Structures are given as C-alpha cells and as structure tokens.
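This report looks at a helix, a chain contact and a few unusual backbone geometries, in that order.

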Amino acid sequence: MSWPSPAEEELLDTISFDEWLIEASTFMVNVQNDAMQNAGIFTDDVVIFRRGQKPKSGDIVIADVEGEWMMRYYQIEEERPVLYPANGNYSVVTPEELTVIGVIRSVIRRY
Amino acid sequence: MLLHVDGDSFFASIEQSVKPYLKGKPVVTGKERNIIAAASIEAKMRGVARGMTLWDAKKVVPDLVVLPTDYETVSLFSKRMHDIIRRYTPIVEEYGVDEAFADLTGLRRYHHTSYEGIAAKMQQDIHGELGITVTMGIAPTKTLCKIAVDKGKPAGLVSISRSRIDEFLRDVAVEDIWNVGPATAALLRKYGMQTALQFKQKPEEYIQKLLTKPGMQTWYELNGMQAILFEEQKVSYKSIGKSKTFTPPSNDKEFVFAQLVKNIENACMKARRYHQGTRTIVIYLRTKEFRSIGIEGTVERVTAYPNELIGAVRKMFERVWKPGYYRATGVFLSNLQPLNPMQPTLFENPVKLIRYTALYGAIDNLREHYGKHAVHLGASLHAQKNQHISSRGDVPLRREMLIKGETKRKRLPIPMLQVKLR
C-alpha cells in the first residue's frame, strides 16, 4: 500500500497552454517582416491576436490600411489613429482609412 | 421562441475572412472538384451559383477567384460559430456545418433584452470575432424560422411573431417551405394551394387526409405549433458515415473496392476514437450518373476493426457491383454500441480478438505519429495514392503556410490570417 497521489487534485488549479493562450476569438498570423523588432517581434514569430477587439492607444494591432496589411502600434493623436512601427526603417502611417482586424495578445517563437 | 442561424455563403465568406484581401471580390470554392461548392455574395450577384462548373462560372465572371475547399478552416469556424451561440443559450442544435437552431425561450430576462436583441448580439459577436456574416430568423417554430432566414438573407435579422405569421407566408411558394419536397409541393398545388399561407389556412382534417405525418408536422409548424423537436448535441454517435468522391470516375473494380475499404478504415477509425463499434454496415456505390446503389450487411459481433468487416463487405460489394463508371463510394456504421468489453462469440478464438485489439491499438498510435493511414489494409492500397496528380492550387493555402513545428499532416487548430504583412 502506498499513499494516494495528491497530484490529480493539485493539478485542478492549473491551466493548459491552450487555455492560457487561446481565447474564443483568437486568430494567428505569421510575422513576415521586422517592422516591430524593437517591440520584440521578429520575422517568423507567430502572433496571436484577438479578432474584433476594439483597440486602445498603445496596443499592437493588425490593421488594414487601404488594402495593405500591417502590424503596428496603434496610437490616437488628435482624435485620429496613427500607426507606429518599432523599427526606424519603417515610416509612421497616418491613414485616411483604417480597419483594425484585431489586437495582439501574445507572441510565440520556436527556436 | 426559436432562432435559426445560417452562415451566409459560409465556405466562401471564411476564405474572405482569413484572406481579407478577397473582401468585395467574387470568390468561389470547390476548385479541387471543378464544381462550385460555395460562392461569395459578390459572385452570386454576378450570376454564379452553387453546383455550376468552374468553366461556366468563369465565362460569366472572368475575374472569379477560385479556391480549393479548406475543410480544416471551415471546421474551426463552424465550431466557433456554434460556441458563440452557446454563450447565449444552452439549447443549441448544430444543423450542419453552417447552420444551427437555438431555443431562446425564457432567456429575455437573463439577457435583459428582447429575443431580437439576443439574436443581434450573437450576430455581432460572430461578425466581430469570425469576420463572417450570418442571417438570423426568429419564430415560434423551426419551419417558420427557416422562412424568416430566407427573407433575411444575407446578413439580416427577421423575426416572425405569432400575430404576424400570415403576412410572412403570403408570398412563400409551397415548394420553398422547409421539408416540402417536389412531390408534396405538386400535390398541394393540385389541390389549389400555391402559397404557404393557403396551405396553412386549410383545416387540419383536410390536410390530414391529404398528407402523411411529415406533411402534417409542417402544417402544425406553419400554424405556430412546434412539431419538429430539438435534437441537442449528440453525446455519442448513433451512426458514422464516410464517403468520398474520386475524380475522374473509374470503372476499375479493384480501385472502386479500394476506395470503399478506405472509407471503412476511416469510419472504423472514428468509431474507435469514440469507443464505439457496430454489427451493421451499409455500403453504397454512386455511379457516374449520380445513381446510388446500397446494401446492408451484418457481422457476428460488435466491432470497429476493418479486418473483421472486410469479408462481409467483399461479399456485399460483389452483389452490388455492375460494370460501369463510379464516382464515389460510401459506408455507414449504424446502431453503434460501446466497443468494450467485446464479447467473443461462442466459436470464436478469443486470442484472435485480443490480437486485433492490440493490433489496432498500435495502428492508432502509429497514426498519431505518422498521420492517417500510416498503416492500412492491402485492399485499400489503390486508394491510398492520389489517383490524379493534383494541379497547383488544389491544396488549401493554409496547408502550405506552415509555421515552425507544424507538419503537412498536422496543424494548430487556430484560424490563420493569410495575408502578406507590410
């Protein structure tokens, strides 16, 4: 006779990686450039974003700028949205028309 | 009150959702079969319809975007759509991949809004989170919900209250009523009923003499009385069916048999996953002319092992096979029962049974590592290779946009936004 294992009960208070990362409306996208490298997001990273979430200033968003797809910092300036890159080689965009597809929730990198 | 949710151009809209650069463009899916499986609203407005050949569709719309069907992504969206509906009510019937019925009765107080308000919230959630539109129909019965949805297509929300049923039925032709087939419609017309309203207003006894039970149910439903019950989420599968079309059609007997065996392997695989087995198996062949020939057979004992079915299946196959061209085969395992514990029959060698259990345990493990059909019966060999070399673009893009750690066989179950980031 050995002592019953407490493992099962103790593990009730844990969550899986799936539960930690995935929400009802999460999508993922493969990062294909270094526009956000100073924010720690590099080429080939996988970004998980929440589709349909309303962005607030400072969020990293996936946005549609007149048919071009960008991942940038979202900032409201003088009541207008401005998209900031995290890389000096890319320019700041003040779009006429902008649709935010989702807000970034996590970044995953496999080495 | 009941609610019917119906995805608008579901397969095509999903493509536009994961490839947002296709929004506003005429998009169809079904490239791998050369027949249109779904058309986006833009394609429909320009005269493209489901079931058309790609050839014909391209003639009507030269700039048509043609994509292969991405069943994996469609399944992910389908599950999410049903999950969103379940946020608002526990009583949901998944009616196919892109439709659902939900019972909203008694939930107004809980959600602090009207039935229309609840449906509108669901609609917004689905639109916001999945990037697709759905049409909502609210009514006292399923049949009326269907009519409401027909009126609301696409992306609308139509509610039929009890007091306004008649005005909604006035311009609905009898053949457009849910569950009314061409024969019933013809009969109703013969008796002077052209519209759903005329049908609804006939006395009960009159319809009772004319139609059988399903027709009667429809009459009750049009009169606002719920006659078609709710089938909630199935916990166990009552039957499992697998079928597959192959192109081009084939007259090669062993090739067709191999296709059938592969379906049996697939169906058994699924049955084992749910620890179910069967004694009853139905096989069918579909000819090039879309005629189906089927036959039912039984085996000694509840099983989910292809080896134990194949003897019986070969005999059934020999009975139905006639020389000719076939486009599909299929199989149904019905009357599913728990697989364990398995009862050996009186004259059966139990050692063999234990070996099968071990064998398929191992096969299922190999599948986990090496993909479906890593190990299969020799009889399905012909069906294991692709019959025709698939042309470029026949494979959904998602299968080619793999992220590190994914393989051609297994991908993460999260929808991927398939865009080029600037």
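In this predicted model, helix α6 of chain B runs over residues 115–130, and because each of its 16 residues is taken at 1.5 Å, a span of 22 Å should result, which agrees with the 22 Å found between its end C-alpha atoms. The buried residues of α6(B) are B:Tyr115, B:Ile118, B:Ala119, B:Met122, B:Asp125, B:Ile126, B:Glu129 and B:Leu130. These buried residues lie on the same side of α6(B), because the arc they cover around the axis is only 120 degrees. B:Gly117 and B:Gln124, by contrast, are exposed on the other side of α6(B). Just after the helix, B:Gly131 adopts a positive phi of about 70 degrees.

The contact between the two chains draws 24 residues from chain A and 19 residues from chain B. On the side of chain A that touches chain B, the elements giving two or more residues are β1 (26–30), β2 (46–51), β3 (60–65) and β4 (68–77), and β1(A) gives the most, with five residues. By character, the residues on this side of chain A divide into twelve nonpolar, seven polar and five charged.

The remaining features concern the backbone. Most residues other than glycine have a negative phi, and most peptide bonds are trans. The table collects the exceptions described below.

| Site | Feature | Value |
|---|---|---|
| B:Lys153 to B:Pro154 | cis peptide bond | omega near -15 degrees |
| B:Thr247 and B:Pro248 | cis peptide bond | omega about -10 degrees |
| A:Glu66 | positive phi | phi near 45 degrees |
| B:Ala155 | positive phi | phi near 70 degrees |

Of the residues in the cis bonds, B:Pro154 is placed in the loop between α7 (142–152) and β8 (157–159) of chain B, whereas B:Pro248 is found within strand β9 of chain B, which covers residues 240–250. The loop between α7 and β8 of chain B also holds B:Ala155, whose phi is positive although the residue is not a glycine. Since 15 other C-beta atoms lie within 10 Å, B:Ala155 is partly exposed.

In chain A, the positive phi belongs to A:Glu66, again a residue other than glycine, and its place is in the loop between β3 and β4. Is A:Glu66 buried or exposed? A:Glu66 counts as exposed, because it has 10 C-beta neighbours inside 10 Å, and the limit for an exposed residue is 12 or fewer.

Methods
Residues are numbered from 1 along each chain as its sequence is written. Chains are lettered from A and ligands numbered from 1 in the order in which they are written. This is a predicted model: local features need pLDDT of at least 70, side-chain atom pairs count only at pLDDT 80 or more; totals for chains, interfaces and linings use all residues. Two residues are in contact if their C-beta atoms, placed from the backbone, lie within 7 Å. Helices (H or I, at least four residues) and strands (E, at least two) are DSSP runs, numbered from the N terminus. Ala, Val, Leu, Ile, Met, Phe, Trp, Tyr, Cys and Pro count as nonpolar, Asp, Glu, Lys and Arg as charged, and the others, Gly among them, as polar. The expected span of a helix is 1.5 Å times one less than its number of residues. A residue is buried if 20 or more other C-beta atoms lie within 10 Å of its own, exposed if 12 or fewer, and partly exposed in between; C-beta atoms are placed from the backbone. The arc is that of the directions from the helix axis to the C-beta atoms.
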